[in-house]
Amino acid sequence: MVKRKVSASAGLVQGRYRQEVFICQFSDMISSKGCIWSGGDPFSFSLPLVLAQLIFIFFVTRITFALIRPLKQSMVSAQLIAGIFLGRSGLGRNRDFSTMIFRPGGRMVLQTIADLGFMFHVFVLGVHVDPTMVRRAGRNAMLIGASCFALPFALGGLASYTLPQLAIIDDATAHFLPFIAVLNSASFFPVITSLLGDLKILNSEIGRIATLASLVNDACIYVVSILVTTVNASTSYNKWNGALSIAWIGTFLIVIIFVVRPFVKHVARTIPERGAMRESQFLIIAVLALICGFVTESLGQPAALGTFVLGMVVPQGPPLGSSLVYRIDTLCTGLLLPAKFAISGLTLDIFALGNGKSLLGVELVILLGYFGKFAGTLVPAVHFGVSFRDAVPLALIMCSKGIIEASLYIGFKDTGVITNEAYALLLITMLVITGIMRPLIWYLYDPSRRYLGYRTNSIQHLDPTSELRIQVCIHNEDNVPSIVNLLEASNASRRRPIAVFVLNLMELKGSAAALLVPTHNRKGKAKLKSLPSRTEHISNAFNILVHRNQGSMAVQHFTSIVPYATMHDDICTVAVDKGVNIVIIPFHKQWAIDGTVGANFPAIRMVNQQVIHKAPCSVGILVDRGQLADNQQILFGHSFFRVTMLYLGGPDDDEALAYCCRMLGHPHISVNLVWLRHSSDKLDKSMDSDMIHWFKSNNMDAGRVSYKEEMVSDAVGTTQVLRSLEDNCDLCIVGRDHEHYSELTLGINEWIECPELGFIGDMLATSDYSFSLLVVQQIPPGTEFINIQALKPVSSSFYSASGKYSQHSGVGSFG
């Protein structure tokens, strides 16, 4: 083996835009082939060098992110800071380190790989974008989006024009100041939704406003960018170049929309809804992304733009969108993308920035852009009814910058549009201002503030003849039969009508925009055709229930597509907007036929825990073991469906008993009230609670109602009573919270697996019992009753089997 210690020589030459390093390198210096054993240097070969660079950048980036994450900073900020630290402003000042790891001969290979990773990452960002959302943007959101582009663009453009007249600005700086004004006017949709997701406010009120406003802002920036590019091409080369540029870009878009989009949809239809994407299907989309990148690069546009456009026409969500995101995002975002921004920081030297008037002018234009964006969002938001307290964090969100802006800064620097000094100012200002804004937004805005401190009327305090408003949450189709039959058992009648709000909950996959919308029109038909087929199946089941209870039950359907971490916000938002009395949520465990746990969903458990602590109304957790899934016994059975109410005392048990009393009029339901009392009570009638007294005085004459008092002295006696329920119970209803230091439960509360059920509910949910369970919690403590709105009666507010319908609330929309 020939021993080579020097693989390349370098020198300065005049490049296209500036002086550049010219590398002369041996063509066969790719693989080291074990040169270390012959005394060679593996870093002299391109393959081991690029591997070492990727490893080093990965660890430095992750360590940086771990340090700044408590300050609510993003991974992009960590990547940029890591690049600055590795470059001339940090470790790169050490010549030995710079020569060994980031030698000039190895940067081209690393940058090419990083650009490829960035191209696929932008493709994933495109998959997250739903262009049809612009049609759902209300007038107010569109005006906010246009304003937060127009005002910074006007201020920056005015400053770019007047500064050369008022101060000494060199020609190069005067030339690129308009480009900076355009750049600082942007609030890109992927950046805004990424910020909202990081701060867990994606499905909040201002989160939805910011999402829609950023889409409008994107449309403005793309139109202006195309016009600027066209004018620049016409003036720099040939007057026909601008027209040809627009023609070719238009042709590319037409091919994407009318040729590629139908083909991609055909590929998506060949994937089963719950099946896995085949390798051939993945490769087809990946090659299409490469082709789009090649075409746009050839047309003079960034390769990432082509892949972004392709991503926008890929169907969102499962099975295609989420599969592509899962396969591409981890490798590109986690390993290759950090190299893109680390390289950008290598040439940034903070210590070389001067104090000239030109740089002061550049910084002035940059800051005017941020100020214009803040004012351009704040003023119209307040004008259109957003409270000042919420408008400030909304304006801060729209001012935040991220991965798209950083990549544009890098591209403008590499193509000579802006100087290295202007690039440094743009990048440092972005890091400082965005770094300050992110924790400020997190501190100033709490989405739960909208419903915390509010409460609707509980079932216990509701007039028995008044309309009962129930919100039911559906995570999958398996939840439907049991919840439908629980509603059937709730005994809707013309004297006791029930309004049902069905919230179809889906995890946000393959999309960056959260969704919470009514999903059916006045005739009960689906409004959004892009939703999965399960939405229609679920709505049909509840519409059949309404038809069976014609005139006494009504239903309104909502669909929520959000991350599990913030799903409770949508549940509570619908509850407070609709004046719901109780929210029914399914338990996170599902049982198999043999009685064992068949499925466990920890994410659903997290949602339930948040709802328990934050809901503005009563909450019921339904633990279904199969009895409720069969509605024949409830509707047509000759034997009764047996409901047992276990009463120990307290507000939660009172609420549970109030709900149980709603079932008493159903002809196929028997109710057994079991009151657990301490033996020291000596059957003192004066100790009867108000709910027990009301129950005994109004329902004891019914033949399907029984009442029993069990006198026990300790937890052992309580356990014996619970076990005696097994043989004559299909559904047990119990309150969640009880007195912790009561002798009746002392010892039981020490062994609890699911605190959201309470210690009695947790015990009844174990495998020792086979009946279904409904655990009820009255309004959480610390809230105050407030009449939020005057509620219309059921027959005039919602879609029902009789076809009556009045205007519904566009929950989650703005405009």
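A polar contact is a pair of N or O atoms within 3.5 Å. By this criterion, a polar atom of the Arg469 side chain meets the backbone oxygen of Lys578, at 2.8 Å. The model examined here is predicted. The Arg469 side chain has a further polar contact, at 2.4 Å, with the side chain of Glu467. Arg469 itself is part of strand S3, which spans residues 468-474. Its relative accessibility is 4%, so Arg469 counts as buried.

The overall fold was considered next. The chain contains 26 helices and 15 strands. It has 815 residues, and 54% of them count as buried. Among contacts with a separation of 6 or more, 79% are between residues 24 or more positions apart. The accessible surface of the chain is about 36200 Å². Carbon and sulfur atoms contribute 61% of that surface.

Strand pairing was examined for strand S5. This strand covers residues 515-518. Leu515 and Val517 point one way from S5, whereas Leu516 and Pro518 point the other way. All four residues are buried. S5 runs antiparallel to strand S6, residues 553-562, and four bridges join the two strands. Within this pairing, Pro518 is found opposite Phe558 of S6.

Eleven salt bridges are present in the structure. One of them joins the side chains of Asp198 and Arg438, with an N to O distance of 3.1 Å. This pair links distant parts of the chain, its members being 240 residues apart. Asp198 belongs to helix H8 (residues 189-198), and Arg438 to helix H17 (residues 420-444). The burial of the two partners was compared. Asp198 has a relative accessible area of 41%, so it is partly exposed. Arg438 is buried, because its relative accessible area is 5%.

A second salt bridge connects Arg208 with Asp570. The closest N and O atoms are 3.2 Å apart. Here too the pair links distant parts of the chain, with the two positions 362 residues apart. Arg208 sits in helix H9 (residues 205-236), and Asp570 in helix H20 (residues 567-577). Arg208 has 9% relative accessibility and therefore counts as buried. Asp570 has 0% relative accessibility, so Asp570 also counts as buried.

A third salt bridge is formed by the side chains of Glu756 and Arg605, at 3.1 Å from N to O. The two residues are 151 residues apart and again link distant parts of the chain. Glu756 is located in the loop between strand S14 (731-735) and helix H26 (758-764). Arg605 is located in helix H21 (residues 602-614). With a relative accessible area of 2%, Glu756 is buried. Arg605 is partly exposed, because its relative accessible area is 23% and the limit for buried is under 20%.

The surface was also searched for nonpolar patches. Leu253, Ile254, Val255, Ile257, Phe258 and Val259 make a nonpolar surface patch of about 550 Å². Val259 lies in helix H10, which comprises residues 241-269. At 51% relative accessibility, Val259 counts as exposed, since the cut-off for exposed is over 50%.

Note on methods:
Residues are numbered from 1 along each chain as its sequence is written. This is a predicted model: local features need pLDDT of at least 70, side-chain atom pairs count only at pLDDT 80 or more; totals for chains, interfaces and linings use all residues. Side-chain values use heavy atoms; hydrogens and water are left out. Buried means under 20% relative accessible area, exposed over 50%, partly exposed in between (1.4 Å probe, protein chains only). Contact means heavy atoms within 4.5 Å. Accessible areas come from the Shrake-Rupley method with a 1.4 Å probe; for residues, only the protein chains shown count as cover. A polar contact is a pair of N or O atoms within 3.5 Å; within protein, one must be able to donate a hydrogen and the other to accept it, and residues adjacent in sequence count only if both atoms are side-chain atoms. Two strands pair if DSSP finds at least two bridges between them. Patches are made of residues with over 30% relative accessible area and no salt bridge: like charges are joined within 9 Å, nonpolar side chains (Val, Leu, Ile, Met, Phe, Trp, Tyr) within 5 Å. A salt bridge is a side-chain nitrogen of Lys or Arg within 4 Å of a carboxyl oxygen of Asp or Glu.
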